[in-house]
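Student: I would like a close look at one part of this model, with its surroundings explained step by step. Please start with a single strand and work outward from there.

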Amino acid sequence: WKLMRELLRDNMEINHQGHLVISGCDVTKLAAIYGTPLYILDEVLIRRACREYVTSFAALFEESQVLYAGKAFLTTGMCQIINEEGLGLDVVSGGELYTALASGFPKEKIFFHGNNKSPEEIDFALEADIGCFVVDNLWELELLNQKAKAHQRRARVLLRITPGVEAHTHVYVQTGQLDSKFGFGLAKGVAMEAVKRALAAEFIDWLGLHCHIGSQILDLECYSVAVDLMFDFMAQIKEETGREVRILDLGGG
C-alpha cells in the first residue's frame with residue numbers, strides 16, 4: 001500500500017476500504033453504477049494540465065498555440081473542454097474531424113495530420129474549411145492541390161519534416177529518425193524539394209513546417225537537437241526561396 005500511495009497522482013487516494021478514490025469519487029462505486037470497462041477522466045486535472053501548457057508557452061512566445069492530440073482521447077465533451085481552455089486540436093481521421101465539428105470546435109483551430117488521408121477525408125476537411133493540413137508526402141500534396149482546385153479554395157499547409165533525430169524512447173514510438181515512414185527527410189534535399197513543390201502549387205498556401213520525433217520522451221536534449229535542425233532548415237529555405245517560415249510546429253511526445 002505504501003508503494004501504491006507513492007505512485008498515485010495528487011488527485012488520488014486509497015480510502016479506508018482499500019478502494020481507489022479519484023477526486024473524491026470511489027471507483028468501486030463508479031464501476032458498480034456504470035459497469036466495466038470504465039474510463040474515468042478528472043476534468044479538474046485535465047483543465048489544470050491544459051492551463052499549464054498554455055501559460056508556460058505564452059510566457060515565452062506570445063503567438064504560441066498549444067494543440068491537443070485527438071488520438072489520445074476524443075469526444076465532443078473533450079473538444080469543448082480544450083476549446084474552453086484555449087487549445088487547438090490535432091485530428092488524424094475523418095471520424096475525429098467529424099467529432100470536433102459536431103462539438104462546435106472552431107474550425108480554424110483544427111490541424112489535420114496523418115500519413116494516409118483518403119480523398120474523401122480531404123474533401124470533408126476542405127468543405128469544413130479547417131485551419132491547416134499537415135502534409136506527409138508528395139502524393140498527398142498533389143492530391144490536396146487537385147482537391148482544393150475542385151473546391152475553389154486554397155488549402156493551408158504545413159509540411160511534416162523528418163529531422164533525423166533518434167529520440168531516446170521505444171523504437172515503436174520513434175518517428176523522427178531518418179528512416180521514419182512519416183514526413184519528408186532533411187537528407188538528400190527531399191524536404192527542400194517538397195517546400196518548392198508546395199510553393200509552386202496553385203491552390204496550396206504553404207505556412208510552414210511540422211516535425212514530431214516520437215512519444216513518451218523523457219530526455220529534453222532530443223528536442224534541443226530537433227529545434228536546431230529545424231531552424232537550420234528554415235534558414236536554408238529563406239536563402240533558396242526567399243520565403244520565411246511563418247509557423248513551426250515542434251510536435252509533442
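Student: How many of the seven residues of strand E10 (residues 204-210) are buried, and what does that say about the strand's place in the structure?

Tutor: The model is a predicted one. Of the seven residues in strand E10, which covers residues 204-210, six are buried, so the strand is largely enclosed by the rest of the structure. A residue counts as buried when its relative accessible area is under 20%.

Next come the neighbours of this strand. Strands in a sheet are held together by backbone hydrogen bonds, in a parallel or an antiparallel arrangement. E10 has a parallel pairing with strand E8 (residues 155-162), made over six bridges. Within that pairing, Ala-155 has Ile-204 of E10 as its bridge partner. E10 is also paired in the parallel sense with strand E11 (residues 247-249), over three bridges. There, His-210 is found opposite Asp-249 of E11. Helix H9 (residues 221-241) joins the picture here: together with E10 and E11 it makes a right-handed β-α-β unit.

Now follow the chain back from E8. The loop between helix H7 (138-151) and E8 holds Gln-152. Gln-152 has a phi near 55 degrees, which is a positive value in a residue that is not glycine. With 61% relative accessibility, Gln-152 is classed as exposed. A similar case can be found in the loop between helix H6 and strand E7 (132-135), where Asp-129 lies. The phi of Asp-129 is near 60 degrees, again positive in a residue other than glycine. Asp-129 has a relative accessible area of 27%, so it is partly exposed.

Strand E5 is useful to set beside E10. Gly-88 and Asp-90 are buried on one side of E5, Leu-89 and Val-91 are buried on the other, and both faces of the strand are therefore covered. E5 pairs in the parallel sense with strand E4 (residues 67-69) over three bridges, and Asp-90 of E5 is the bridge partner of Ala-69. Between E4 and E5 the chain passes through H4, in a right-handed β-α-β crossover. E5 also has a parallel pairing with E6, over three bridges, in which Leu-89 is opposite Ile-110 of E6. The path from E5 to E6 goes through H5, and this β-α-β crossover is right-handed too.

Helix H5 (residues 94-102) has its own buried residues: Gly-94, Glu-96, Leu-97, Thr-99 and Ala-100. Their cover includes helix H4 (76-84), strand E5 (88-91), strand E6 (110-112) and helix H6 (119-128). Just past the end of H5, Gly-104 has a positive phi of about 85 degrees.

Further toward the start of the chain there is an open sheet with antiparallel pairing, its three strands in the order E1-E2-E3. Strand E1 (12-14) and strand E3 (25-26) are at the edges with a single partner strand each, so each has one side without a neighbour in the sheet. Strand E2 (residues 20-22) pairs with E3 over two bridges in the antiparallel sense, and Ile-22 is opposite Cys-25 of E3.

For a contrast with the buried residues, turn to the surface. Ile-33, Tyr-34, Leu-38 and Ile-40 make up a nonpolar patch there, with a combined accessible area of about 410 Å². Ile-33 belongs to helix H2 (residues 27-34), and its relative accessibility of 60% places it in the exposed class. The loop between H2 and H3 contains Pro-37. The peptide bond that leads from Thr-36 to Pro-37 is cis, with omega near 0 degrees.

Helix H3 (residues 43-60) includes Phe-57. Phe-57 is partly exposed, its relative accessible area being 38%. Leaving aside residues up to four places away in sequence, Phe-57 touches Ser-64 and Val-66. From Phe-57 to Arg-154 the separation is 97 residues in sequence and 30 Å in space, taken C-alpha to C-alpha.

To return to the question: six of the seven residues of E10 are buried, and the strand is paired with E8 and with E11.

Definitions and conventions: Residues numbered from 1 in each chain as written. Predicted model: local features only at pLDDT ≥ 70, side-chain atom pairs only at ≥ 80, totals over all residues. Heavy atoms only, no water. Buried < 20%, exposed > 50% of the residue type's maximum accessible area, 1.4 Å probe, protein only. Helix = DSSP H or I, 4+ residues; strand = E, 2+ residues; numbered from the N terminus. Contact = heavy atoms within 4.5 Å. Pairing = 2+ DSSP bridges. Right-handed = clockwise from strand over helix to strand, strands pointing away. Patch = residues over 30% accessible without salt bridge, like charges linked within 9 Å, V, L, I, M, F, W, Y side chains within 5 Å. Areas by Shrake-Rupley, 256 points an atom, 1.4 Å probe, with all protein chains shown as cover. Salt bridge = Lys/Arg side-chain N within 4 Å of Asp/Glu carboxyl O.
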